[in-house]
Amino acid sequence: MPDASPSRTLLNAYSRFERNMRWRLGSYAKTVVYHSAKNHVCPICGGPKRSTNPICYSCSILREQAKALGVEHQMADQVRIANYAIKFDQMYRVMDGYKRNRKESKDYQETLKYVLGDALAVHRDCLARMSGGISPSSWTTIPSTKSSERYGQPHPLNGLVSPILKAIPEIRLLVNGPKTRAISSETFFLSEMYPSEMMRHVLLIDDTWTSGGTVESAAIMLKQHGAQRVTIYCLARIIDLDYCSRMVGQEVADGYSRLSYRGGCPWGSPQCPMVR
Ligand SMILES: [Zn+2]
Ligand SMILES: [Zn+2]
């Protein structure tokens, strides 16, 4: 197990970091919830679901596809998403705007540095706790696909994550084709073979989750190339309230509108030292 007791000084610094984060995000961010009283959130992605179904429609479609391809067992071991980005709220604008070349992009990137720093540095040991005590042995981000205007250039997300995770090695994903919503282990490939020590627990980071098809395709490819464990971490779960009210119900859509920023452990660890 990782060191379970960070020093008092470090905990104080982390608390200050989280206070600043709350100040920055508290007025508009909505933390992803994984449980609801009426059983209307998907335990995988936090998206809307009918109470009679165990997971949401898009996650069940994805699992069906993976099953049909015989790769269901190679999907990510765990998925965690930080915030909701409800079309077209402030977080949605942050997620869309941080990677563009606009005057507000730098400010949006500063916001996302807090979200990433919180999950990947402040709560680093919580991730290990939630992964059977296995700390990430490498990390990677989803690159821009061929359909993107940024194809071939470094993705801004990579630039945000890299200084936070500089203590562990990076795995580079390359792209074969356009981004698809369907599961495909052919979309991504590895630039080289990596040592098995690096493949013990790969932390796979993406910015937004819509159907999960792209990032799960990368998880499956990593497993096929020796990853023993894959954790997906996404900054935001896109929510379309019109779709939600049509498919699940107006009451559920209203529930999403009322959610707020909660803080708490981004990995949901019951032993989190930051949550008392
Ligand atoms: Zn889901
Ligand atoms: Zn924690």
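A residue is called buried when its relative accessible area is under 20%, exposed when that area is over 50%, and partly exposed in between. Those cut-offs place Glu170 straight away: its relative accessible area is 22%, so Glu170 is partly exposed. The structure is a predicted model.

Start with the salt bridge that Glu170 makes. Its partner is Arg172, and the closest N and O atoms are 3.6 Å apart. Arg172 has a relative accessible area of 47%, so Arg172 is also partly exposed. This pair belongs to a wider set, for the structure holds eleven salt bridges. Opposite charges on side chains can pair when the charged atoms come close.

Another such pair is Glu104 with Arg102. Here the closest N and O atoms lie 3.7 Å apart. Glu104, with a relative accessible area of 24%, is partly exposed. Arg102 is partly exposed too, at 41%.

A third salt bridge joins the side chains of Asp240 and Lys87, with 3.8 Å from N to O. This one links distant parts of the chain, 153 residues apart. Asp240 sits in the loop between strand S7 (230–239) and H8. Lys87 sits in the loop between strand S2 (78–86) and helix H3 (90–97). Asp240 counts as partly exposed because its relative accessibility is 29%. Lys87 reaches 37%, so Lys87 counts as partly exposed as well.

Stay at Lys87 for a moment. The peptide bond between Lys87 and Phe88 is cis, with omega at about -5 degrees. Phe88 is in the loop between S2 and H3.

Now turn to the metals. Which atoms hold the zinc ion (ligand 1)? The donors are the SG atoms of Cys42, Cys45, Cys56 and Cys59, at 2.3 Å. Their angles at the zinc ion (ligand 1) run from 103 to 113 degrees, so the arrangement is tetrahedral. Four tetrahedral donors have an ideal angle of 109.5 degrees. Along the sequence, the donors of the zinc ion (ligand 1) are spaced C-x2-C-x10-C-x2-C. Within this set, Cys42 and Cys56 link distant parts of the chain, 14 residues apart. Cys42 is in the loop between strand S1 (30–31) and H2, and Cys56 is in the loop between S1 and H2. Both Cys42 and Cys56 are buried.

Asn39 is also placed in the loop between S1 and H2. Asn39 is not a glycine, yet its phi is positive, at about 65 degrees. Its relative accessibility is 39%, so Asn39 counts as partly exposed.

The zinc ion (ligand 2) has a mixed set of donors. They are His123 (ND1), Cys126 (SG), Cys265 (SG) and Cys272 (SG), lying 2.1 to 2.4 Å from the metal. What geometry do the four donor atoms around the zinc ion (ligand 2) make? The angles are 97 to 119 degrees, so the arrangement is tetrahedral. The spacing along the chain is H-x2-C-x138-C-x6-C. His123 counts as buried because its relative accessibility is 0%. Cys126, at 2%, counts as buried too.

Next comes helix H7, residues 213–224. Its twelve residues should span 16 Å at 1.5 Å a residue, and the end C-alpha atoms are 16 Å apart, so the two values agree. Is H7 enclosed or open to the surface? Eleven of its twelve residues are buried, so H7 is largely enclosed by the rest of the structure. Among the buried residues are Val215, Ala218, Ala219, Ile220, Met221 and Leu222. The charged residues Glu216 and Lys223 are on that buried list as well. Just after H7, Gly226 takes a positive phi of about 105 degrees.

Finish on the surface. Tyr57, Ile61, Tyr243 and Met247 form a nonpolar patch there, with about 360 Å² of accessible area together. Helix H2 (57–68) and helix H8 (241–247) each give two or more residues to the patch. Tyr243, for one, lies in H8. The relative accessible area of Tyr243 is 36%, so Tyr243 is partly exposed.

Notes:
Residues are numbered from 1 along each chain as its sequence is written. Chains are lettered from A and ligands numbered from 1 in the order in which they are written. This is a predicted model: local features need pLDDT of at least 70, side-chain atom pairs count only at pLDDT 80 or more; totals for chains, interfaces and linings use all residues. Side-chain values use heavy atoms; hydrogens and water are left out. Patches are made of residues with over 30% relative accessible area and no salt bridge: like charges are joined within 9 Å, nonpolar side chains (Val, Leu, Ile, Met, Phe, Trp, Tyr) within 5 Å. Accessible areas come from the Shrake-Rupley method with a 1.4 Å probe; for residues, only the protein chains shown count as cover. A salt bridge is a side-chain nitrogen of Lys or Arg within 4 Å of a carboxyl oxygen of Asp or Glu. Helices (H or I, at least four residues) and strands (E, at least two) are DSSP runs, numbered from the N terminus. Buried means under 20% relative accessible area, exposed over 50%, partly exposed in between (1.4 Å probe, protein chains only). Donors are N, O and S atoms within 2.8 Å of the metal (3.2 Å for Na, K and Ca); water is not among the atoms, so sites may look incomplete. Four donors count as tetrahedral if all angles lie between 85 and 135 degrees; four count as square planar and six as octahedral if opposite donors are over 155 degrees apart and all others between 65 and 115; anything else is irregular. The expected span of a helix is 1.5 Å times one less than its number of residues.
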